[in-house]
Amino acid sequence: MKEILDYDDDLNEKDIEENGIENKLVEEAVTNLLKSIGENPAREGLKFTPKRVARMYSELFNGYHVDSDAMINDALFNITYDEMVLVRDIEFYSLCEHHILPFMGRVHVAYIPDGKVLGLSKIPRIVDMYARRLQVQERMTRQIADFLRDLLKPQGVAVVVEAVHLCSMMRGVKKHDARMTTSAMHGAFRANLATRQEFLDNISRGASPLQI
Ligand SMILES: [Zn+2]
């Protein structure tokens, strides 16, 4: 029992299995990693690290295994509303696929409906579905925008992602480039300068500096 408590996190076995992560392979890989940097995987502080990492990965990488239909479920509503819907400052955490180090920040999402709107609580879940994978920020931005375009067939959709990348910050190279902003625009946001500007003004208004 003591052993389990020593490495147990919030996840239960069911979550881990459903996320499809090969725990044993992760554990072996982490043990080898520890050896390769000259550590002793058997020492007290590292004894459960391979298990902890495997469990953590099943959470950090659960975006690969999301059933998006089930996630959206019944949160699509037919409605005659054609003004901009904006959700800003959605916090996210992801891992860059080049270094497997975190990048994190905020996502701002806007769309102009064309008969269909989505329950607001679903937008952060869409962000998580794409963030909880190995990613590059540009692709994640595009995937969120494309998903909303395909789901809602709106008049337009816009996504801006602001993030800091630990692979830049920790390695002491290009520190000034550590913060990055990416955007993806479809429909009215691409075609109409005033619409795009309204969105950009909205997300910069009252924005606090990105913090980690
Ligand atoms: Zn990186």
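Reader: Why are helices H3 and H4 called oblique to each other?

Author: Keep in mind that this is a predicted model. The axes of H3 (residues 23-36) and H4 (residues 49-60) cross at roughly 130°. An angle from 65 to 115 degrees would count as roughly perpendicular, and one over 145 as roughly antiparallel. The crossing of H3 and H4 fits neither range, so the pair is oblique.

Reader: What makes up the contact between H3 and H4?

Author: On the H3 side there are Asn-23, Lys-24, Val-26, Glu-27, Val-30, Thr-31 and Leu-34, and they meet Thr-49, Pro-50, Lys-51, Val-53, Ala-54 and Tyr-57 of H4. Sorted by class, that gives 7 nonpolar, 3 polar and 3 charged residues. The axes of the two helices come within 8 Å, and the crossing is right-handed.

Reader: And how do you know that H6 and H7 are oblique?

Author: Same kind of check. H6 (residues 122-131) and H7 (residues 137-152) pack at about 135°, with axes 10 Å apart. To be roughly antiparallel, the angle would have to be over 145 degrees. At about 135°, H6 and H7 are therefore oblique. H6 passes H7 in a right-handed crossing.

Reader: Which residues of H6 and H7 touch?

Author: H6 brings Ile-126, Val-127, Met-129, Tyr-130 and Ala-131, while H7 brings Met-140, Gln-143, Ile-144, Phe-147 and Leu-148. This contact has 9 nonpolar residues, 1 polar and no charged ones.

Reader: What makes Cys-96, His-99 and Cys-167 donors of the zinc ion?

Author: Distance does. A donor atom has to lie within 2.8 Å of the metal. The SG atoms of Cys-96 and Cys-167 and the ND1 atom of His-99 sit at 2.1 to 2.3 Å, so they pass the cut-off. Along the chain, the donors follow the spacing C-x2-H-x67-C. His-99 lies in the loop between strands S2 and S3, whereas Cys-167 belongs to helix H8, 68 residues apart.

Reader: Are those two donors, His-99 and Cys-167, buried or exposed?

Author: They fall into separate classes. Cys-167 has a relative accessible area of 8%, and buried means under 20%, so Cys-167 is buried. His-99 has 35%, between that limit and the 50% above which a residue is exposed, so His-99 counts as partly exposed.

Reader: Why is Thr-80 called exposed?

Author: Its relative accessible area is 84%, and anything over 50% is exposed, so Thr-80 qualifies. You'll find Thr-80 in the loop between strand S1 (76-78) and S2. Its C-alpha is 7.8 Å from that of Lys-116, though the two are 36 residues apart in sequence.

Reader: What is notable about the phi of Asp-89?

Author: The phi of Asp-89 is positive, about 60°, although this residue is not a glycine. Asp-89 sits in strand S2. With a relative accessible area of 34%, Asp-89 is over the 20% limit for buried but not over the 50% for exposed, so it is partly exposed.

Reader: And what about Ile-100?

Author: Ile-100 has a positive phi of about 55° and isn't a glycine either. Ile-100 is in the loop between S2 and S3. At 45% relative accessibility, this residue counts as partly exposed.

Reader: How many helices and strands does the chain have?

Author: There are 10 helices and 7 strands. Of the 212 residues, 43% count as buried.

Note on methods: Residues numbered from 1 in each chain as written. Predicted model: local features only at pLDDT ≥ 70, side-chain atom pairs only at ≥ 80, totals over all residues. Heavy atoms only, no water. Axes fitted to C-alpha atoms, helices over the stretch in contact; angles between N-to-C directions. Helix = DSSP H or I, 4+ residues; strand = E, 2+ residues; numbered from the N terminus. Parallel < 35°, antiparallel > 145°, perpendicular 65-115°, else oblique. Left-handed = near helix turned anticlockwise from the far one by under 90°. Contact = heavy atoms within 4.5 Å. Nonpolar A, V, L, I, M, F, W, Y, C, P; charged D, E, K, R; others polar. Donors = N, O, S within 2.8 Å, 3.2 Å for Na, K, Ca; no water. Buried < 20%, exposed > 50% of the residue type's maximum accessible area, 1.4 Å probe, protein only.
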